[in-house]
Amino acid sequence: MPPGYLTPSSDRIRQPVEDVEECICTTSISPDFPKELQFLNSSCEKCYYPAPPPKISDLMNDKDLLDLLRLKLDPNHCTIKNWKNFASRWGMSYDELTMLEHRTQGSLSHSPTQEFLLRYNQKTVTELTELCRIYQRIDVLRLLQSWIEKDWPSRWQQTH
């Protein structure tokens, strides 16, 4: 018999037993993962891969962020680019813009910004930040970047 065969099991060195639960995360970072989001290194506890780039549908679940976006993009000023410019850039026609504006006018529960974001909810937040750069809405850009850096990784981790 090999030495130590009869030693009590409590004296032996044991291998850690890992939870063999299957992970649903991707096994590699997609090649189209935006470079500006590489800092998202908050990982899934099971596989340690970073959170994917958030979509607009992901930010729609954050009421505080949505309220701030509404405050910044709903107002209609001739010199400040707002939701209309963003929606037009993504292909919404003049008639659609007008209809959306009239449908949400005077409503406290519906916002044209919210409706615009809902319509384009499968686009990434990165695409939205590009619109902020194009229209020089640095205030909105900073708000979105802060959400991507601070809030999104923990929100993603909670759901995965």
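Q: In this predicted model, which helices are included in what covers the buried residues of helix 4?
A: Start with the residues that need covering: Leu97, Leu100 and Thr104 are the buried ones in helix 4, which spans residues 94-104. Their cover includes helix 3 (83-89) and helix 5 (112-119).

Q: Why do the buried residues of helix 4 line one face of the helix?
A: An α-helix has 3.6 residues a turn, so residues three or four places apart point the same way. Leu97, Leu100 and Thr104 are the buried residues here. Looking down the axis of helix 4, they line one face because they fall within an arc of 70°.

Q: Which residues are exposed on the other side of helix 4?
A: Flip away from the side holding buried Leu97, Leu100 and Thr104. There the exposed residues of helix 4 are Tyr94, Asp95, His102 and Arg103.

Q: Which residue with a positive phi follows helix 4?
A: Helix 4 covers residues 94-104, so to speak of what follows is to look just past that range. The phi there is near 80°, and the residue is glycine 106.

Q: Which lysine lies over the face of tryptophan 90?
A: Trp90 belongs to an aromatic cluster with Phe86, Phe116, Tyr120 and Tyr135. At 4.8 Å from its ring centre sits lysine 123.

Q: How many helices does the protein have?
A: Reading along the sequence gives α-α-α-α-α-α-α. There are 0 strands, and the helix count is 7.

Notes:
Residues numbered from 1 in each chain as written. Predicted model: local features only at pLDDT ≥ 70, side-chain atom pairs only at ≥ 80, totals over all residues. Heavy atoms only, no water. Helix = DSSP H or I, 4+ residues; strand = E, 2+ residues; numbered from the N terminus. Phe/Tyr/Trp six-rings, centres within 6.5 Å; stacked < 30°, edge-to-face > 60°. Lys NZ or Arg CZ within 6 Å of the ring centre and 35° of its normal. Buried < 20%, exposed > 50% of the residue type's maximum accessible area, 1.4 Å probe, protein only. Arc of directions from axis to C-beta. Contact = heavy atoms within 4.5 Å.
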